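Thanks for passing this one along. Here are my notes, set out as numbered points so that you can follow them with the model open beside you.

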Amino acid sequence: QVQLVESGGGLVQPGGSLRLSCAASGSIARINDMGWYRQASGKERELVATITNGGSTNYPDSVKGRFTISRDNAKNTVYLQMNSLKFEDTAVYYCNAALRPQYSGLFRNYWGQGTQVTVSS
């Protein structure tokens, strides 16, 4: 069984920083893209950042220059460094990974349980 577990959320003041982590565990054969998404109250889930297993990254304009995604392939872990946080960054942040379990020949998307990030003064 495969699972993604996030950590690192919390309460931070505007302008502050947080670092999220997400570790994939279980019988994993291979992980392709990993990423972070977020969902604010009353809104749809949106992309925050993605990273390929080769290290290429992608960000929407709303977080570009403030957030940095990285990964440690040896640990099956993806990180999200969030700097200069704004009120509008408040949301539940979800980790995502496109991976193939050892017991399957197919890739599919897996999601973490989510971690709350609240930006408030």
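1. Let me begin with a question about the chain as a whole: among contacts between residues at least 6 apart in sequence, what percentage join residues at least 24 apart? The value is 56%. Please keep in mind throughout that this is a predicted model.

2. On secondary structure, the chain has eleven strands and zero helices. Reading along the sequence therefore gives β-β-β-β-β-β-β-β-β-β-β as the pattern.

3. Now for overall dimensions. The radius of gyration of the chain is 14 Å, which agrees with the value near 14 Å that a compact globule of 121 residues would have. The C-alpha trace spans about 45 × 25 × 25 Å along its principal axes. You may like to keep both descriptions side by side when looking at the model.

4. A word on surface and interior. Of the 121 residues in the chain, 39% are buried. The exposed area comes to about 6,400 Å², and carbon and sulfur atoms supply 44% of that area.

5. The sheet I would look at is an open one of four strands, in the order β1-β3-β8-β7, with antiparallel pairing. Strands β1 and β7 (67–72) stand at its edges; each has a single partner strand, so one side of each is left without a neighbour in the sheet. From one strand to the next, the twist averages 15°.

6. Going through that sheet pair by pair, β1 (residues 3–7) and β3 (residues 18–25) are joined in the antiparallel sense over five bridges. In this pairing, glutamate 6 stands opposite cysteine 22 of β3. Next, β3 pairs with β8 (residues 77–82), again in the antiparallel sense, over six bridges, and here leucine 20 faces leucine 80 of β8. Finally, β7 and β8 run antiparallel and are joined by six bridges; threonine 68 stands opposite glutamine 81 of β8.

7. Cysteine 22 deserves a second look. The structure holds one disulfide, and cysteine 22 forms it with cysteine 95, the two sulfur atoms being 2.0 Å apart. The pair links distant parts of the chain, with cysteine 22 in β3 and cysteine 95 in β9 (residues 91–101), 73 residues apart. The angle about the S-S bond is -75°, and the link is left-handed. Are the two cysteines buried or exposed? Both cysteine 22 and cysteine 95 are buried. So cysteine 22 has two roles in this description: it stands opposite glutamate 6 in the strand pairing, and it is bonded to cysteine 95.

8. My last point concerns arginine 45. Where is arginine 45 found? Its place is the loop between β4 (28–39) and β5 (46–51). At 36% relative accessibility, arginine 45 counts as partly exposed, because that class lies between the cut-offs of 20% and 50%. Leaving aside residues up to four places away in sequence, arginine 45 touches Tyr37, Arg38, Gln39, Tyr94 and Trp111. Asparagine 58 is 13 residues from arginine 45 along the chain, and their C-alpha atoms are separated by 16 Å.

Conventions: Residues numbered from 1 in each chain as written. Predicted model: local features only at pLDDT ≥ 70, side-chain atom pairs only at ≥ 80, totals over all residues. Heavy atoms only, no water. Pairing = 2+ DSSP bridges. Axes fitted to C-alpha atoms, helices over the stretch in contact; angles between N-to-C directions. Rg over C-alpha atoms; globule rule 2.2 N^0.38 Å. Buried < 20%, exposed > 50% of the residue type's maximum accessible area, 1.4 Å probe, protein only. Contact = heavy atoms within 4.5 Å. Areas by Shrake-Rupley, 256 points an atom, 1.4 Å probe, with all protein chains shown as cover. Disulfide = S-S within 2.5 Å.
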